Structure formats: structure tokens, C-alpha cells
Amino acid sequence: MPCPARWPRPAPHQQTGFAAHHQVIPFPLLSDAALRLTGALRSPPTCRAGGAERLKRLPLLIDATRAVRSVLYPVPDPGGSVQDALALIDVVGSGS
């Protein structure tokens with residue numbers, strides 16, 4: 001899946017504002033502005049857009065011990081992926 005020509009890169013304060021405004025997100029939105037997670041993943045999915053290397057959307061379900069419990073990739077429908085991620089949280093949280 002190619003990168004969109006104008007790939008948005010929300011700043012940490014934008015993510016915080018989004019989560020505070022919607023108040024229905026039962027988990028924190030994290031930023032990797034310092035690219036620490038990107039480095040730890042070693043080979044995250046990327047693409048080039050606007051002359052820059054960008055990370056592709058890669059929703060990770062991470063538990064309180066910092067263990068990755070699940071990964072949703074690829075994400076063909078960003079809007080629909082929200083519902084997919086919420087359903088995954090329910091499944092993982094129920095132990096199924």
C-alpha cells in the first residue's frame with residue numbers, strides 16, 4: 001500500500017488534545033517523536049512521502065508490562081482500523 005502524498009505527522013500535543021477532546025479512548029495515545037520505539041522495532045514498515053521516510057500505520061496493543069500483545073498490520077482502512085483495534089482489545093482483555 002503506497003503512502004499518501006501528504007502523510008500527516010501529528011505532534012504529541014495534538015494526540016493529547018485529540019484524546020482529551022474525544023474522552024472515549026480508554027487507553028493512552030503514545031508518541032514516538034524521539035523514535036525510540038521505531039529503533040526498537042528494528043524494521044518497522046515504512047514508505048516515502050513528501051521526500052521523507054514515514055512510518056506506516058502500525059497499531060500495537062501493548063500491556064502494562066510493555067509486552068506487545070498484538071499487532072494490526074497492514075491497515076487498509078484507517079477509519080475501520082479503529083473498530084478493529086477496539087475489538088482486539090476486547091478479545092485480548094477477555095483472554096480469548
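What percentage of the 96 residues of the protein count as buried? In this predicted model, 19% of the 96 residues fall into the buried class. The protein exposes about 7,400 Å², of which carbon and sulfur atoms supply 58%. With regard to secondary structure, the protein comprises 3 helices and 4 strands, and these elements follow the pattern α-α-β-β-β-β-α when read along the sequence. Among the contacts in the protein with a separation of 6 or more, 31% are accounted for by residues that lie 24 or more positions apart.

Within the part of the chain that contains helix 1 (12-22) and helix 2 (36-41), L30 is found in the loop between these two helices. The relative accessibility of L30 is 64%, and L30 therefore counts as exposed, given that the exposed class begins over 50% relative accessible area. The C-alpha atom of L30 is separated by 8.6 Å from that of T16, a residue 14 residues apart from L30 along the chain.

A nonpolar patch on the surface is formed by I62, V68, V71 and Y73, which together have about 330 Å² of accessible area. One of these patch residues, I62, is found in strand 3, which covers residues 60-62. The relative accessible area of I62 is 37%, so I62 is classed as partly exposed, a class that lies between the buried limit of under 20% and the exposed limit of over 50%. I62, a member of the nonpolar patch, is thus partly exposed, whereas L30, in the loop between helix 1 and helix 2, counts as exposed.

Conventions. Residues are numbered from 1 along each chain as its sequence is written. This is a predicted model: local features need pLDDT of at least 70, side-chain atom pairs count only at pLDDT 80 or more; totals for chains, interfaces and linings use all residues. Side-chain values use heavy atoms; hydrogens and water are left out. Buried means under 20% relative accessible area, exposed over 50%, partly exposed in between (1.4 Å probe, protein chains only). Contact means heavy atoms within 4.5 Å. Accessible areas come from the Shrake-Rupley method with a 1.4 Å probe; for residues, only the protein chains shown count as cover. Patches are made of residues with over 30% relative accessible area and no salt bridge: like charges are joined within 9 Å, nonpolar side chains (Val, Leu, Ile, Met, Phe, Trp, Tyr) within 5 Å. A salt bridge is a side-chain nitrogen of Lys or Arg within 4 Å of a carboxyl oxygen of Asp or Glu.
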